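Here is a short report on a protein chain and its ligand. It starts with strand pairing, then takes in the fold, the helices and the ligand shell.

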Amino acid sequence: MTNKMINLDQTELPKSWFNPLPLFDEPLPPPIDGISKDPIPPEDLAKIFPKRSIEVEVSQERRIDIPEEVSEAYKIWRPTPLIRATNLERELDTPAKIYFKYEGASPPGSHKPNTALPQTYYAKQEGTKTLTTETGAGQWGSALSFTGTQFDVNVKVFMVRVSYDQKPYRKSMIQSWDGEIVPSPSDTTKAGRTFLEQDPDTDGTLGMAISEAVELALESDDTKYSLGSVLNHVLIHQSILGLETKDQLEKAGVKPDVLIGCVGGGSNFGGLILPFLEDVIEGGEDIDVIAVEPTACPTLSKGDERYDYADSGEITPMLNMYTLGHNFVPAGIHAGGLRYHGTAPILTRLKDLGYLKARAYPQTDTFEAAMQFANTEAYIPAPETSHAIKAAIDEALKAKEENEEKTIVFNYSGHGNFDMSAYDAYLSGELEDVYHEA
Ligand SMILES: Cc1ncc(COP(=O)(O)O)c(C=O)c1O
């Protein structure tokens, strides 16, 4: 009998994160100032972020030690299981093996605390009293509120208005962990008031919410800002999930042929794939790496590569990324965490080097895949995660057509237990598909 769940013992928890930056021949283009266009020295970024986060951001060490206190707190839910989707394989009648890394196991239900925890820890170490942040679907805001309780840091969350209205229980969750929550754009910041003047009925975007959160961090010395995606240090923290996956696949005696993840800013996908890059870039292994996006916000598939602001209000530094433009307002699709105009600079480089492929799906296709998954593997995924599931199903069907015994691994970035209004909309036929033609 083979195991359906491949588990690691807590003593096997990775002791360091994986940093991909030393793998690149050329350094990544640095963040630049939006007005002067000069590179921003790391010290200046420390006005917004905890210092240690910035050190990790620019580190050239391949492995970065996980502080003891962070490791202890990871043990609340880590290591997470790697699960073989045997029922789905049977239903699809595919020769492919499908595995998913179950990141829905964390207290808020997604991969997001993997970086919220070290970011909060570093902030506390440096005397920060309050962390501000933005959240789309609410997963990131709830993750940071949860980690705020672990290290006794106040958390203030600007939640994108359309998601605030669609996902009321995320708000309650953030408040249950003592977080403060404000729908964005709000009239509590300069940036928010400007967005509201431009369009009082706006759905809001992650870019707008970032402007509001960064503004508060710039105004006060004991307040810092925490970003849940995009930046190097965020993807590096998320590598814990990929490192565990690598160990678990080794335990199962298989090597991946295809790695899949959904992409908003790129953190869960980056976390899964980065530790495998050593094998691909240095070891010459052949792994298909697939980034999945919504057709309403196809940043990697249809965006341009250039410097752009990380936020809509032009307060943040500019980053070199694939972008649809910082003023782009994506349609209010249910995968709120995928409504971001840009992509992580690390993924930008990987796409340029030809190591990853991007594809985009309309939301009804992803909900159909989610239903098939829920009715075979039983877990009900977050709408973001459903994008990865749709791609995994398509890859398994392709393997069937080509009669190939592939191993497909995807990251199950979060559960959908608070996304029932999205499922209601799908089940009652109210979902609309949106295609962005960049
Ligand atoms: C469950 C889930 N998956 C994926 C994402 C996308 O973010 P990222 O691309 O940073 O993993 C989010 C963002 O909120 C999310 O909540």
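Two strands count as paired if DSSP finds at least two bridges between them. Strand E12 (residues 304-309) and strand E13 meet that test in this predicted model. They are joined by 6 bridges and run antiparallel. Arg 306 stands opposite Met 321 in E13. Strand E13 covers residues 318-323, and 5 of its 6 residues are buried, so the strand is largely enclosed by the rest of the structure.

**Overall fold**

The protein chain holds 17 helices and 15 strands. Its radius of gyration is 20 Å, close to the 22 Å that the globule rule gives for 438 residues, so the chain is as compact as a globular protein of that length. The C-alpha trace spans about 60 × 50 × 40 Å along its principal axes. Of the 438 residues, 57% are buried. Contacts often link distant parts of the sequence. Among contacts with a separation of 6 or more, 77% join residues 24 or more positions apart.

**Strands and sheet**

Strands of a sheet pair through backbone hydrogen bonds, either parallel or antiparallel. One open sheet has 7 strands in the order E1-E4-E5-E15-E10-E11-E14, and its pairing is mixed. Its edge strands are E1 (5-6) and E14 (357-361), each pairing on one side only.

Inside that order, strand E10 sits next to strand E11. The two run parallel. Leu 259 stands opposite Val 289 in E11. Strands E6 and E7 also run parallel. There, Thr 130 stands opposite Asn 154 in E7. Strand E7 is mostly covered, with 6 of its 7 residues buried.

The three pairings compare as follows.

| Strand pair | Bridges | Direction |
|---|---|---|
| E10 and E11 | 5 bridges | parallel |
| E12 and E13 | 6 bridges | antiparallel |
| E6 and E7 | 6 bridges | parallel |

**Helices H5 and H6**

Helix H5 has 13 residues. From first C-alpha to last it reaches 18 Å, close to the 18 Å expected at 1.5 Å a residue. H5 is mostly covered: 11 of its 13 residues are buried. Among them are Pro 113, Pro 118, Tyr 121 and Tyr 122. Just after H5, Gly 127 takes a positive phi of about 85°.

Helix H6 also has 13 residues. Its first and last C-alpha atoms are 19 Å apart, close to the expected 18 Å. How many residues of H6 are buried? The count is 12 of the 13, so H6 is largely enclosed by the rest of the structure. The buried residues include Gln 139, Trp 140, Phe 146 and Phe 151. What do these buried residues pack against? Their partners are helices H3 (68-74), H5 (113-125) and H8 (168-176), together with strands E6 (130-135), E7 (154-160) and E8 (180-184). H6 thus packs against H5 and against both strands of the E6 and E7 pair. Asp 152 follows H6, and its phi is positive, near 60°.

**The ligand shell**

Which residues are closest to the ligand? They are Gln 139, Ser 229, Gly 264, Gly 337 and Gly 414, from a shell of 21 residues. Three elements give two or more residues to this shell: helix H6 (139-151), helix H12 (267-282) and helix H16 (383-401). H12 gives the most, with 3 residues. By type, the shell divides into 7 nonpolar, 13 polar and 1 charged. Gln 139, one of the closest residues, is also one of the buried residues of H6.

**Glu 384**

Glu 384 lies in helix H16, an element that contributes to the shell. Is Glu 384 buried or exposed? A residue is buried if 20 or more other C-beta atoms lie within 10 Å of its own. Glu 384 has 30 within 10 Å, so Glu 384 is buried.

Leaving out residues up to four places away in sequence, Glu 384 touches Ala 137, Cys 262, Gly 264, Ala 335, Gly 337, Leu 338, Ser 413 and Gly 414. Gly 264, Gly 337 and Gly 414 also appear among the residues closest to the ligand. Cys 262 belongs to strand E10 (residues 258-262). Gly 34 is a distant point by contrast: Glu 384 and Gly 34 are 350 residues apart in sequence and 31 Å apart in space, C-alpha to C-alpha.

Methods
Residues numbered from 1 in each chain as written. Predicted model: local features only at pLDDT ≥ 70, side-chain atom pairs only at ≥ 80, totals over all residues. Near = placed C-beta within 6 Å. Helix = DSSP H or I, 4+ residues; strand = E, 2+ residues; numbered from the N terminus. Nonpolar A, V, L, I, M, F, W, Y, C, P; charged D, E, K, R; others polar. Expected span 1.5 Å × (residues − 1). Contact = placed C-beta atoms within 7 Å. Rg over C-alpha atoms; globule rule 2.2 N^0.38 Å.
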